[in-house]
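User: Please take a close look at one part of this structure and explain how it connects to what lies around it. I am new to this model, so plain wording is best.

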Amino acid sequence: MNATDRTAPIVELRGIRKSFGELEVLCGIDLEIFAGEHVVIFGPSGSGKSTVLRSINLLEPPTSGSLKVAGIEYGPGVPGEKAGRRGKPLELRRTVGMVFQQFNLFPHLTALDNVALPLRSVRGVRRADAQVRSAEALRRVGLLPRAAHYPQQLSGGQQQRVAIARALALDPKVMLFDEPTSALDPELVGEVLKTMREVAETGMTMVVVTHELGFAREIGDLNVFMEDGVVVDSGPRGFFEETTSPRAREFIMAVR
Ligand SMILES: Nc1ncnc2c1ncn2[C@@H]1O[C@H](COP(=O)(O)OP(=O)(O)O)[C@@H](O)[C@H]1O
Ligand SMILES: [Mg+2]
């Protein structure tokens, strides 16, 4: 168990709703995440897991509800409540890093330049400095020797580790992982989970959508089971054995 700072949540969702046209895909999500905590979100396809992550960094702005990160409101807010200080999306993206299922690396850039690009564009870091920080991030994921390689010269596992380095280099307060191993050949899953475990051990706050329930059991300080746009059940360590939700139990049995 990591030391978590439980004085104030670093991420707080209250009554988050999201609709695409007529379809409501998040139907009132409440979630509190404390600094240093490792949160696992799991559940069937289409339940809204990605939309929750994409709400947290405003890739999908919530239709209603409160989204606070480090105490600053980025959502529409709760009706009748004073909003307080409201933040801008760019400010939020400096705080929240994201790793996608499909890596999303630029094919024409080396590993080093893929990591350096957002450092320069989001953080405004100068070229030489960005190169040094990118090399350090690649070293953390064990890929410094591959710095000059292009994505197509790297395995899927290595590409995903570059994507993790890219997020780490921005020095985020929170990292979001959306099924980071789902696009990988089975023999490459382990190296990515190992890298994520190492990131977790540094005390990074992490929200991980995954079907790797073995890994989830290992890192999940808070475990959240979603279905049809709602949190059906959630709980601390031991959740996978102790949940009393029939749907969560059924899902866990089926995935195992
Ligand atoms: N941009 C979008 N436009 C319309 N519908 C969407 C969009 N993104 C997601 N959805 C729908 O929202 C629901 C939840 O999707 P998602 O959050 O991706 O679920 P999960 O990640 O749990 O599989 C699905 O029904 C999906 O089709
Ligand atoms: Mg998804």
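Where is the place of N104?

Analyst: The model is a predicted one. N104 sits in the loop that runs between β6 (96-99) and α3 (111-121). Its phi is near 55°, a positive value in a residue that is not glycine. Most residues other than glycine have a negative phi. N104 counts as exposed because 12 other C-beta atoms lie within 10 Å, and the cut-off for exposed is 12 or fewer.

The two elements that flank this loop can be taken in turn, beginning with the strand. β6 is joined to β7 by four bridges, and these two strands run parallel. One pair in this arrangement is G97 with its bridge partner M175 in β7. On to the next strand, β7 is joined to β8 (residues 205-209) by five bridges, again in the parallel sense. Here F177 has V208 in β8 as its bridge partner. Strands of a sheet pair through backbone hydrogen bonds, either parallel or antiparallel.

Strand β7 covers residues 174-178 and includes F177. Five of its five residues are buried, so β7 is largely enclosed by the rest of the structure. V174, L176 and D178 point one way from the strand, while M175 and F177 point the other way. Both sets are buried, which includes the charged side chain of D178.

F177 shows this setting at the level of one residue. It is buried because 26 other C-beta atoms lie within 10 Å, where the cut-off for buried is 20 or more. Leaving out residues up to four places away in sequence, F177 touches V99, M196, M206, V208 and V209. Among these contacts, V99 belongs to the β6 range of 96-99, and M206, V208 and V209 fall in the β8 range of 205-209. F177 and V208 are 31 residues apart along the chain, yet 4.7 Å separates their C-alpha atoms.

On the other side of the N104 loop is helix α3. Its buried residues are A111, L112, N114, V115, A116 and L119. The cover over these residues includes α4 (127-140) and α5. A165 gives a view of the packing in this region, since helix α5 spans residues 156-169. Not counting residues up to four places away in sequence, A165 touches V115, A137, L138, R140, V141 and L143. V115 is one of the buried residues of α3, and A137, L138 and R140 lie within the α4 range of 127-140.

A165 also has a place in a wider group. The largest nonpolar core has 70 residues, and A165 and V207 have the most contacts inside it. Helix α5 gives the most to this core, with seven residues. V207 falls in the range of β8, residues 205-209. In soluble globular proteins, nonpolar side chains tend to be buried together.

A second loop residue can be set beside N104. A70 also has a positive phi, about 50°, although it is not a glycine. A70 lies in the loop between β4 (64-69) and β5 (72-73). It is partly exposed because 17 other C-beta atoms lie within 10 Å, whereas N104 is exposed with 12. The strands on either side of A70 belong to an open, antiparallel sheet of four strands, in the order β2-β1-β4-β5. β2 (23-35) and β5 are at its edges with a single partner strand each, so one side of each has no neighbour in the sheet. Within the sheet, β1 (residues 5-20) and β4 are paired over five bridges, and V11 has V69 in β4 as its bridge partner.

Elsewhere, ligand 1 is surrounded by F20, V25, S45, G46, S47, G48, K49, S50 and T51. Helix α1 (residues 49-56) gives the most to this shell, with three residues. By class, the shell holds two nonpolar, six polar and one charged residues.

For the chain as a whole, the secondary structure comes to nine helices and ten strands. Of its 256 residues, 43% count as buried. Among contacts between residues at least 6 apart in sequence, 64% join residues at least 24 apart. The radius of gyration is 18 Å, which agrees with the value near 18 Å for a compact globule with 256 residues.

Note on methods
Residues are numbered from 1 along each chain as its sequence is written. Chains are lettered from A and ligands numbered from 1 in the order in which they are written. This is a predicted model: local features need pLDDT of at least 70, side-chain atom pairs count only at pLDDT 80 or more; totals for chains, interfaces and linings use all residues. A residue is near a molecule or strand if its C-beta atom, placed from the backbone, lies within 6 Å of it. The radius of gyration is taken over C-alpha atoms; the globule rule is 2.2 Å times the number of residues to the power 0.38. Two residues are in contact if their C-beta atoms, placed from the backbone, lie within 7 Å. Two strands pair if DSSP finds at least two bridges between them. A nonpolar core is a set of buried Ala, Val, Leu, Ile, Met, Phe, Trp, Tyr and Cys residues joined through C-beta atoms within 7 Å.
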